[in-house]
Amino acid sequence: MEFFTNDLSIHGQFHDILSFRESFARLMTMRKVARRFRCELHCDRALLNAKPMPNVTMQQALGRLANSERRSAMIWLTRGGPFWDDIRQHGADDYLECNDDIVTDSGVGEAAYRVLHEVECGLVSVTPSNWDFSPVEVTWRRKSEGLDDRIALVENCRDVAGLEKILRDNPQPLRSWGDLRVVSTSRFRSLTFAGKCFDHLIGIPFSKNSAERILFLLDILDKFARAFDADGTRTSEGHWIYRNYFTGRENALFSDSSATEKNDFRRELTFPRPDSPGNFIFCPWHGKIPHMMLRMHFSWPVRFREQVYVAYVGPKLTKR
């Protein structure tokens with residue numbers, strides 16, 4: 001899925017540098033979230049000339065921020081991009097309209113044009129602004145060409161949680177075990193992966209279904225690791241995850257190895273600690289990937305403020 005910064009959501013609405021700083025920091029966080037999901041947030045080179053405050057350009061406003069904030073923003077807007085005008089698909093003579101305003105030559109117009117051509121695309125808007133709504137409805141006026149108008153509905157993300165939900169619901173396709181490693185290690189912030197965790201998949205023919213199943217299991221484990229209140233009490237969602245995925249039935253998604261397996265395969269189920277070179281951790285708990293008989297071994301139990309280690313992803317280790 002592609003995302004475009006809504007340059008029109010910066011329209012002089014900020015009256016002091018503090019309110020601008022807070023909103024722009026949220027935009028930069030959303031960019032980081034997108035990159036975690038292997039998506040880039042496209043911007044416009046002309047964004048530096050937009051005016052977040054009356055008579056103050058974006059470049060001038062950024063100049064008032066701390067060095068670390070200013071540096072990352074300027075790299076993005078001047079060199080890093082990516083810039084949507086480099087891959088522009090709609091033309092200057094395409095009449096794109098939203099709420100009676102022309103949005104041709106904007107990120108809104110480009111996103112809408114792509115949606116109309118069956119490309120999954122969304123917007124990321126600064127808030128507060130006049131664009132605090134979703135979806136954004138854009139009409140492609142074509143009457144002058146003797147054609148019917150067309151309407152695009154474009155998802156408009158204004159906060160981190162909303163963007164993350166869309167990205168989780170519309171994941172980028174996996175094409176290799178290497179893709180699986182990159183996505184897993186960047187997306188799941190409550191899990192620590194062993195350096196060679198995914199090396200055991202090398203040489204095994206890639207399976208999209210198995211890779212997606214592994215991501216599904218990691219997502220559950222990541223949510224379970226975060227399912228605590230501030231005082232360390234397991235949340236109701238955490239109890240629900242435990243009942244439904246870790247206990248209660250023979251084909252649970254996660255389970256402990258049997259006593260016999262723990263005894264006979266203790267060496268195979270012991271792995272180097274990712275955070276402590278020279279030390280080892282026993283990981284009989286595992287997630288099951290039935291296709292190709294793969295397993296995902298991780299540390300147990302899952303406790304408040306303790307890192308969950310994913311030690312192994314690969315063929316079943318307890319085969320007889």
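The largest pocket in this predicted model is lined by Arg168, Pro171, Gln172, Pro173, Leu174, Arg187, Phe188, Lys208, Glu212, Leu215, Phe216 and Asp219. It holds about 250 Å³ of space. Helix 7 gives the largest share of the lining, five residues, and helix 7 also packs on an open sheet of five strands. A further open sheet has seven strands.

**The largest pocket**

- By residue type, the lining of the largest pocket has six nonpolar residues, five charged residues and one polar residue.
- Rolling a probe the size of a water molecule over the atoms is a way to show where empty space is left.

**The sheet of five strands**

- The strands of this open sheet follow the order 8-14-13-12-9, and their pairing is mixed.
- Strand 8 (191–193) and strand 9 (254–255) are the edge strands, so named because each pairs on one side only.
- Helix 7, residues 208–225, touches strand 8, strand 9, strand 12 (286–289), strand 13 and strand 14 as it packs on the sheet.
- The direction of helix 7 makes about 155° with that of strand 12.
- Strand 13 (residues 294–298) and strand 14 (residues 308–315) run antiparallel and are joined by five bridges.
- Met296 has Val313 in strand 14 as its bridge partner.

**The sheet of seven strands**

- This open sheet has the strand order 2-1-5-7-6-3-4, again with mixed pairing.
- Its edge strands are strand 2 (41–42) and strand 4, each of which pairs on one side only.
- At one of these edges, strand 2 pairs with strand 1 (residues 2–5) in the parallel sense, over two bridges.
- Phe4 stands opposite His42, which is in strand 2.
- Helix 4 (residues 107–116) lies across strand 1, strand 3, strand 5 (121–124), strand 6 and strand 7 (150–157).
- Helix 4 runs at about 120° to strand 7.

**Strand 3 and its partners**

- Three bridges pair strand 3 (residues 95–98) with strand 6 (residues 136–141) in the antiparallel sense.
- The bridge partner of Leu96 in strand 6 is Trp140.
- Strand 3 also pairs with strand 4 (residues 101–102), in the antiparallel sense and over two bridges.
- Glu97 has Ile102 in strand 4 as its bridge partner.
- Two residues lie between strand 3 and strand 4, which form a hairpin.
- Asn99, in the turn of this hairpin, has a positive phi of about 50°.

Terms used. Residues are numbered from 1 along each chain as its sequence is written. This is a predicted model: local features need pLDDT of at least 70, side-chain atom pairs count only at pLDDT 80 or more; totals for chains, interfaces and linings use all residues. Side-chain values use heavy atoms; hydrogens and water are left out. Helices (H or I, at least four residues) and strands (E, at least two) are DSSP runs, numbered from the N terminus. Contact means heavy atoms within 4.5 Å. Axes are lines fitted to C-alpha atoms, for helices over the stretch in contact, and angles run from 0 to 180 degrees between N-to-C directions. On a 1 Å grid over the protein atoms alone, a cavity is a set of points where a 1.4 Å probe fits but cannot get out, and a pocket is an open set with protein on both sides within 12 Å along at least five of seven lines; lining residues have an atom within 4 Å of a point. Grid points are joined across faces, edges and corners, and a volume is the space filled by probe spheres set on the points. Ala, Val, Leu, Ile, Met, Phe, Trp, Tyr, Cys and Pro count as nonpolar, Asp, Glu, Lys and Arg as charged, and the others, Gly among them, as polar.
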